[in-house]
Amino acid sequence: MVLPLKEDDTYLVLNERGFAEGGAEGFYRHDTRFLARYRLHLPEGFALLQSRSPRPDRLVQDWARFRGPDGELFLRRTLLLSRGRVREELRFQNFGPAPLEVAVGLEVAPSFQDLFQARGWHASPEEASSFSYRSPDGVEQRVVFSPPPLPEGYRLYLPPRGEGVLAWEVALVSPLEAEGALPTYEAFLAAFPEGEGRWREALSQALLDLRALLLATPEGPVPAAGIPWFVAPFGRDSLLTAFMLLPWGKEVARSVLRYLAKRQGAVWDPFREEEPGKILHEVRLGELSRLGRVPFARYYGTVDATPLFLVLLGRYLDLTGDLALVRELRPNWEAALAWMEAADLDGDGLLEFAPSGKGLSVQSWKDSHDSMSHQDGRLAEPPLAVSEVQGYAYAAHLAASAFYRAFGEEEKARRHQHLGEELFRLIQERFWLPELGTYALALDRNKEPLRVKASDAGHLLWAGAVPEERVEVILKTLFSEEMWTGWGLRTLGAREARYNPLSYHNGSVWPHDTALFAGGLFRYGRKTEGRRVAEALLDLALSQPDLRLPELVGGFAREEGLPPVPYPVACRPQAWDAAALVYLYALGRGVRTW
């Protein structure tokens, strides 16, 4: 089990003993692994009694050595993170009548690998032999110990029934540090409800995780997508996370909108898939990205972040009446609307994508290469028009109509109202599959529907893009044994050719995906069904030792008394899953989310 710790741009990936000893474990900052190995050598006979992380920026461990049935020597270990720093404190207690000398060794190894190399996704050079590294683009990064580690280790004298402390700091020094500050835990948590009944513990953990996931930026706090592999701003993830934190997380919504507006596409760049008006997919700071060996320094390979930008701004305006922010961002949302019209690649009124660079081949939320398949298992060929993206675009046009109406520009308001209504009509006409009782996953390059049952129809409910007369039919499909596991929705139906319950997007259960389905149920007044979905996801969180919703779980049917089958490399915590618990809590208490 991985122990993830994070504060701002600094995070640790540790094993269950609290050390970095192999694989992708290590000390990370700015998409760079600074240390690949960090291991304490404790006195012989020490056993780990327990590990806990009362907040995601710290780890507390209890170790002890016993003589017979009695504890002889006790250690309270505390790791505490701050931006660019890790503090290690070892507090020993001698319970015996004789003095003791304690020896502690520290084994460390520098790395300075790019995150993608540390994960094995790209060829990796030899591990660094020095605690300072200068990359080919001149960026110099260092690991600094204070005080410096001693080659012979640390020694501590403990009097009878006495105690003593060893402590040091590890600084991960990097010139890539962003301006900005984060709210304290206390200030962040004060904006949200505490939770009641069964929700209290899981909601508390989710809010702690959401605070921990924040990144300081000049535009304000922006959530990283997840620990450990997505500690970076992501367009789609941050927009949906911010949406689900409303009505309470208004500061996060403002920051996300301003951050993405500042970095909105301005030129045509096929390598990064940047286009004027397009909202970005992710920002990476590692060496491979900076040198242009991968396109992720500022990458735009997403078709849905742009309409979701308008959706979040529309929801924010609806809740706050803050027309000043809408006015401030007008050049950005109008550029986003222009991009949406340009993204109709063949003039049929739908948003499509056709990858042009070395990034993602699928650019909707199910972005693994094999997620878009036909009934016979054939992979669909791009350009692709994915169903839920059309729902987001429909909601985006309605938001734009509201903006223009608020500014007294009725002609423009009517135009976007009409564009939204036309897109609603096209969704029904081109995607509805009466024989399956659901919407097609997508249309391929030949406009052939992908006739498979998938969770994407839940997003169309969330966006309000389903006529009332079809809601009950969709619910029957999504709550069928093919789709509903008892923990949530399968991403792909259990009878489909590519179904695999332990795949990334072809049959697994993603909690945020199911939470949006719940939002759609409440939107259409199906409160009983909505509560059923919310309770299933709460059960999932409570089944986990850390009370977290993981990024995804296996799509096996729920069994009495057993937790869901885990997906081994799922991120935890993940921003939109933590936010999903906040969202579900709000839904269940009658808070209007649209």
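**A surface patch and two cavities**

Let us start on the outside, where Leu502, Phe556 and Val565 make a nonpolar surface patch of about 220 Å². Patches join residues with over 30% relative accessible area and no salt bridge, with nonpolar side chains (Val, Leu, Ile, Met, Phe, Trp, Tyr) joined within 5 Å. This is a predicted model, in which local features need pLDDT of at least 70, side-chain atom pairs count only at pLDDT 80 or more, and totals for chains, interfaces and linings use all residues. Residues are numbered from 1 along each chain as its sequence is written, and side-chain values use heavy atoms, with hydrogens and water left out.

Leu502 sits in the loop between helix H13 (468-478) and helix H14 (511-523). Its relative accessibility is 38%, so Leu502 counts as partly exposed (between buried, under 20%, and exposed, over 50%, with a 1.4 Å probe and protein chains only).

Now step inside. The structure holds 2 cavities of 30 Å³ or more; a cavity is a set of points on a 1 Å grid where a 1.4 Å probe fits but cannot get out, and lining residues have an atom within 4 Å of a point. The largest cavity has a volume of about 50 Å³. Its lining divides into 2 nonpolar, 4 polar and 3 charged residues, among them Thr32, Tyr133 and Arg290. Strand E9 (100-114) and helix H6 (287-290) each give two or more residues to this lining, and E9 provides the largest share, 3 residues.

The second largest cavity has a volume of about 40 Å³. Helix H3 (199-213) and helix H16 (575-588) each give two or more residues to its lining, which divides into 6 nonpolar, 2 polar and 3 charged residues.

Key
Patches are made of residues with over 30% relative accessible area and no salt bridge: like charges are joined within 9 Å, nonpolar side chains (Val, Leu, Ile, Met, Phe, Trp, Tyr) within 5 Å. Accessible areas come from the Shrake-Rupley method with a 1.4 Å probe; for residues, only the protein chains shown count as cover. A salt bridge is a side-chain nitrogen of Lys or Arg within 4 Å of a carboxyl oxygen of Asp or Glu. Helices (H or I, at least four residues) and strands (E, at least two) are DSSP runs, numbered from the N terminus. On a 1 Å grid over the protein atoms alone, a cavity is a set of points where a 1.4 Å probe fits but cannot get out, and a pocket is an open set with protein on both sides within 12 Å along at least five of seven lines; lining residues have an atom within 4 Å of a point. Grid points are joined across faces, edges and corners, and a volume is the space filled by probe spheres set on the points. Ala, Val, Leu, Ile, Met, Phe, Trp, Tyr, Cys and Pro count as nonpolar, Asp, Glu, Lys and Arg as charged, and the others, Gly among them, as polar.
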